[in-house]
Amino acid sequence: LSMEISPKRGVVSAFTQQNVFEVSVVNLGNTAHTVRLQGNDPEDALAFEFEQEQLTVGPGQQREIEAVAIPTSSRVISSGRLIGFTVTGRSVDIPTVVASSQAQLEQRSILSPASLIVILLFSLIGILWYLNMPKPPTIASFTVEPEAVEMGDPVVLRWQSPDAANVQIKADGEVIAEASGRSGEYEYTTPIELGKERIVFEIVAERNDRRSAPMHDTLRLRPKEVIPDPKIESLSVDDRSIRLGDSFVLSYKFNEAVVRAILSPDNVTLDPALPNISITPKEAGSLTYTVTAYNKANKTSAKTFSVRVVDVSDAKIITFMATPNPVRAEDGRVTLTWTVMRAARVQIKANGRLLNIDETAFSGSVEVDIPSKTTYTLTAYDSNTRPTTQTLSVNVVQPPKPPPTDEPPVIPEEGVTTTTGGAGETGGSSTSGTAR
């Protein structure tokens, strides 16, 4: 084991408590050790408190903990004294493995007799000087947040100056802001300059034509990272018309700038490293999906596609026919025959009018009157009441009309007797009119 204490010297007084030490334990061996820590001093003038009294240090590992040295007694007026102490670390498993390190703690009293007189004298002089001489303003604090940014990114400068009338801030010697007040903040956008690695900010407080000593803070700059725009290089669907409950495969490809992608409205995350994903729609209809790709800077690229989802019935119509078809008008009746599968019930309508049939029959027939051309619709419902339909038109054929004669009709004149029959024919004659 190896041990080191930092700092090597601490100070403790009524006004200063710098008695916190950092103990570093290094395992130089090839086995782990559980080390117990202990502090002691020859005068037994100190008490020790450790952040951990035991700690485990692996092979080649270094561990740091805090140790506090506390004087067991103090005096208001006395000379200061220097107390040497030792911190020892011993392996619990192998007591012969031990390491130690030494440090000192200076214990200062509140006052010594001589210092009391000097303090009183200088206090009197200081009071007189303070009352008669104006003091320059001071800067209590000045910070740049964050400490490192990319070129072109903004930073915030914050300051506190309890006795300033106004402050002046410079960046690399150039004035960038002047503000009044005892505290404040200023947002500064860093320039983009090739080769520039840091910016030194300086703040000076002013009051009554007196200036404070400048305070500085340094900002580290990183080159601006060029992030390519995200791009959806390809997007395709294996089937754009599917049944409800089935899935379609969405195939996609992004460029290297894409770090994540979202499929909406289902809010499904797409892995840019994979080529495709299976999607199961939850509702029927014409559904529009959008794929949005993001890069590291949260820039986006989007593409949309549509899929038609049909809520198809499980019922199936095998046959639906009419006998005879067409129907002679003098017969006036037709027989409808049907066969269905996986149906819970069936219905037949004639021009929208429901026929009386056995709705639970998977196959059957019915004879109905048909006065004129009629459209019959067979509807089969599955167990979820989803319909499938088939229509059938049946014509009614009227009897043929008698053929027309080639001779024009004879219109008798008054007082003229006409005879029927053709020339050269023998037979009787009839009178179609009388003379007046």
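A residue counts as buried when its relative accessible area is under 20%. In this predicted model, Arg-386 has a relative accessible area of 15%, so Arg-386 is buried. The residue sits in the loop between E34 and E35, where E34 covers residues 374-381 and E35 covers residues 387-394. Two aspartates pair with its side chain. The side chain of Arg-386 makes a polar contact of 2.8 Å with the side chain of Asp-311, and a polar contact of 3.1 Å with the side chain of Asp-314. Leaving aside residues up to four places away in sequence, Arg-386 touches Asp-311, Val-312, Ser-313, Asp-314, Ala-380 and Tyr-381. Both aspartates of the polar contacts thus appear in that list of touching residues.

The strands on either side of this loop also lead to the nonpolar interior. In soluble globular proteins, nonpolar side chains tend to be buried together. The largest nonpolar core here has 24 residues, and Trp-338 and Tyr-376 are the ones that touch the most other members. Six strands each supply at least two residues of this core: E28 (316-323), E30 (333-341), E31 (345-350), E33 (363-369), E34 (374-381) and E35 (387-394). Of these, E30 gives the most, with four residues. Another core lies apart from this one and holds 22 residues, among them Met-3, Val-87, Ala-103 and Leu-105.

Empty space can be examined as well as packing. Rolling a probe the size of a water molecule over the atoms shows where empty space is left. The largest pocket contains about 290 Å³ of space. Its lining is made up of 15 residues, and those nearest the centre of the pocket are Ser-73, Ser-74, Arg-75, Gln-107 and Arg-108. By residue type, the lining divides into eight polar, four nonpolar and three charged residues.

The backbone has several details that can be checked in the loops. Two of them are cis peptide bonds leading into proline. The bond from Ser-264 to Pro-265 is cis, with omega near 15°; Pro-265 is in the loop between strand E23 (260-264) and strand E24 (268-270). Asn-325 and Pro-326 are likewise joined by a cis peptide bond, with omega about 10°. Pro-326 lies in the loop between E28 and strand E29 (327-328), and E28 is one of the strands that supply the largest core.

Two residues other than glycine have a positive phi. Asp-209 has phi near 65° and lies in the loop between strand E17 (198-207) and strand E18 (210-211). With a relative accessible area of 85%, Asp-209 is exposed, because the cut-off for exposed is over 50%. Asn-298 also has phi near 65°; its place is in the loop between strand E26 (285-294) and strand E27 (300-310).

Between the buried and exposed classes come the partly exposed residues, and Pro-272 is one of them, with a relative accessible area of 30%. Pro-272 is in the loop between E24 and strand E25 (276-279). Not counting residues up to four places away in sequence, Pro-272 touches Phe-254, Val-258, Val-259 and Arg-260. The C-alpha atoms of Pro-272 and Ala-293 are 9.0 Å apart, with their positions 21 residues apart along the chain.

Thr-189 is partly exposed too, at a relative accessible area of 49%. That value is not over 50%, so Thr-189 is not classed as exposed. Thr-189 lies in strand E16, which runs over residues 183-189. Its contacts, again leaving out residues up to four places away in sequence, are with Gly-152, Asp-153 and Pro-154.

Some separations across the model complete the picture. From Thr-189 to Thr-323, 134 residues apart along the chain, the C-alpha distance is 89 Å. Gly-126 belongs to helix H1, residues 113-132, and is partly exposed, with a relative accessible area of 29%. The C-alpha atoms of Gly-126 and Lys-349 are separated by 114 Å, and the two residues are 223 residues apart along the chain.

How values were computed
Residues are numbered from 1 along each chain as its sequence is written. This is a predicted model: local features need pLDDT of at least 70, side-chain atom pairs count only at pLDDT 80 or more; totals for chains, interfaces and linings use all residues. Side-chain values use heavy atoms; hydrogens and water are left out. On a 1 Å grid over the protein atoms alone, a cavity is a set of points where a 1.4 Å probe fits but cannot get out, and a pocket is an open set with protein on both sides within 12 Å along at least five of seven lines; lining residues have an atom within 4 Å of a point. Grid points are joined across faces, edges and corners, and a volume is the space filled by probe spheres set on the points. Ala, Val, Leu, Ile, Met, Phe, Trp, Tyr, Cys and Pro count as nonpolar, Asp, Glu, Lys and Arg as charged, and the others, Gly among them, as polar. A nonpolar core is a set of buried Ala, Val, Leu, Ile, Met, Phe, Trp, Tyr and Cys residues joined through side-chain atoms within 4.5 Å. Buried means under 20% relative accessible area, exposed over 50%, partly exposed in between (1.4 Å probe, protein chains only). Contact means heavy atoms within 4.5 Å. A polar contact is a pair of N or O atoms within 3.5 Å; within protein, one must be able to donate a hydrogen and the other to accept it, and residues adjacent in sequence count only if both atoms are side-chain atoms.
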